Amino acid sequence: MSDLPATEIRTTAPEIGTTEWVMDRCDDLTRHSSRPDALERVYLSPEHSAGNTAVQAWMRDAGLDTETDAAGNIWGRRAADGTPQRPATRGEPALVLGSHLDTVPDAGRYDGMLGVVLAIAVAHRLRDTPLPFALEVVGFSAEEGTRFGKALLGSCATSGQWDPAWWETADADGVTLREAFVRFGLVPERVGDAARDPADLVGYLEAHIEQGPVLEARDLPLGYVTTIAGARRFVLTVTGEARHAGGTPFSRRKDALVAAAHLVTRIEELAKATDSLATVGDIRVQPGAVNVIPGRAELTLDLRGRTDAGRDELWEQIAAAGRDIAQERGVTFEFAETHRAPSTACADRMKAAVATGVAEATGTSPDDVLGLWSPAGHDGMAMDAVTDVGMLFLRCRDGISHHPDEHVEPEDVGAALDAYTAAVLELARVHVPAPLVALRQAQDPPVETPGEKAR
Ligand code: GLV
Ligand code: MN
Ligand code: MN
């Protein structure tokens, strides 16, 4: 699937840091897939390792020293003066650019990967430019969370939020996270080594396709993110009774799948009446035979809300509906929460820098740059625990994502490259070294503004 149409085959490789180079690298990464007919690259898989190796080489070409951390994230770094430097070096705090390299099943080629490749291209463009901070690029390893049901694993390790309760979580084949770590060559006991000290970070700035229709509808190539939606994920289990499909009259059935189906439609009704989103993305039925009434159905539930309170209120309604349907249909309803991340406000200085970058790249005023909230999750949700977060959004065709038809126009990628580079330079321009920040805070303690967390 990575083959270019014949008309686009080039005889010379595009120069690093150009739009063509970015587009080609996103194509290249599709080679590292567990499926021959589609793109899927999950945490701690052979493809994860191969993808990291490819990205590591591009980081080196861009003038970065590289390292895989204790959770399988790939990092590159240069010092403030532009010299390649070992990632996570204590010393000059670093501005981190990046995104994720893992994918959903049958994925598009831009969700995550585009942000990593753009970050490398920006680092290359700035390789001879002294900055007042070190620059790091990260390819996070497990943002989607499809393998173990827990999203943001890589960035949770970076932000020191790894929960030991996750170790025994198993994938669909029964392989636990601990076993997968060891098979990948990582040491579970060392995962804490991946955690970064907030004092060593200046901020985290990610570029990502919007994964929604807002920029396209407004005919805008780029925007900045105001807030990333709060998310929760659950496994819902409906247990009935597996019995003979011929011999069991309807009056005697406890069909787990029919009860689950009622719950799925009720979940959609409930969510539509709010401004939150709810999705049942997977159902597994046991015993799963054509002539057996389903005895057990397991459903995944993904919830997102513009506010955590709205999302939680919707969950309470869904849980009540599950209990009611179970009672009506003589089955039981249970749930387990597999993921929870609070909504994350992007920091004022990061929003302002991205708006300035977009304005420069598109010839508008920063005040006219669109700020939009992200219903999709991002590694910034975890990174917010250790540093200020900002995001640049790129228009994507028809808002399609988590699908092979994901598409960005090269012109928009070119504009994003300019905007991302300009945003880094703007952060450099307004950068205040940490000792001065501490002095100012001591004189003038920060005031918490609505919608933004005080740090
Ligand atoms: C990641 O793409 C998510 O929003 O689930
Ligand atoms: Mn995604
Ligand atoms: Mn993503």
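Buried here means under 20% relative accessible area. With that cut-off in hand, both H100 and D111 come out as buried. One caveat before going on: this is a predicted model.

**The two manganese ions**

Let's start with the metals. The manganese ion (ligand 2) and the manganese ion (ligand 3) sit 3.5 Å apart, and D111 coordinates both of them. Here is how the two sites line up.

| Metal | Protein donors | Distance range | Spacing along the chain |
|---|---|---|---|
| manganese ion (ligand 2) | D111 (OD), E144 (OE), E144 (OE), H402 (NE2) | 2.0 to 2.6 Å | D-x32-E-x257-H |
| manganese ion (ligand 3) | H100 (NE2), D111 (OD), H208 (NE2) | 2.0 to 2.2 Å | H-x10-D-x96-H |

So where in the fold do the donors of the manganese ion (ligand 3) come from, taking H100 and D111? H100 belongs to strand β3, while D111 lies in the loop between β3 and α3, and the two are 11 residues apart.

For the manganese ion (ligand 2), E144 shows up twice in the donor list, each time through an OE atom. Two of the other donors of this ion, D111 and H402, link distant parts of the chain, with their positions 291 residues apart. D111 is in the loop that runs between β3 (94–100) and α3 (113–125). H402, for its part, is in the loop between β14 (389–394) and α11 (410–430).

Is D111 buried or exposed? Its relative accessible area is 6%, so D111 counts as buried. H402 is another story: at 39% relative accessibility, H402 is partly exposed.

**The cysteines**

On to sulfur. How many disulfides does a search of the whole structure find? Zero. Take C346: why is there no bond from its sulfur to the closest cysteine sulfur? That closest sulfur belongs to C156 and is 17 Å away, which is too far for a bond, given that a disulfide needs two cysteine sulfur atoms within 2.5 Å. C396 is in no disulfide either, its nearest cysteine sulfur being that of C26, 13 Å away.

Both of these cysteines are tucked away from the surface by the accessibility cut-off: C346 is buried with a relative accessible area of 0%, and C396 is buried with 2%.

**Pulling it together**

In short, D111 is the residue to click on when looking at the metals, as D111 coordinates both manganese ions and is buried at 6% relative accessible area. For the cysteines, the whole-structure search turns up zero disulfides.

Methods: Residues numbered from 1 in each chain as written. Chains lettered and ligands numbered in written order. Predicted model: local features only at pLDDT ≥ 70, side-chain atom pairs only at ≥ 80, totals over all residues. Heavy atoms only, no water. Donors = N, O, S within 2.8 Å, 3.2 Å for Na, K, Ca; no water. Helix = DSSP H or I, 4+ residues; strand = E, 2+ residues; numbered from the N terminus. Buried < 20%, exposed > 50% of the residue type's maximum accessible area, 1.4 Å probe, protein only.
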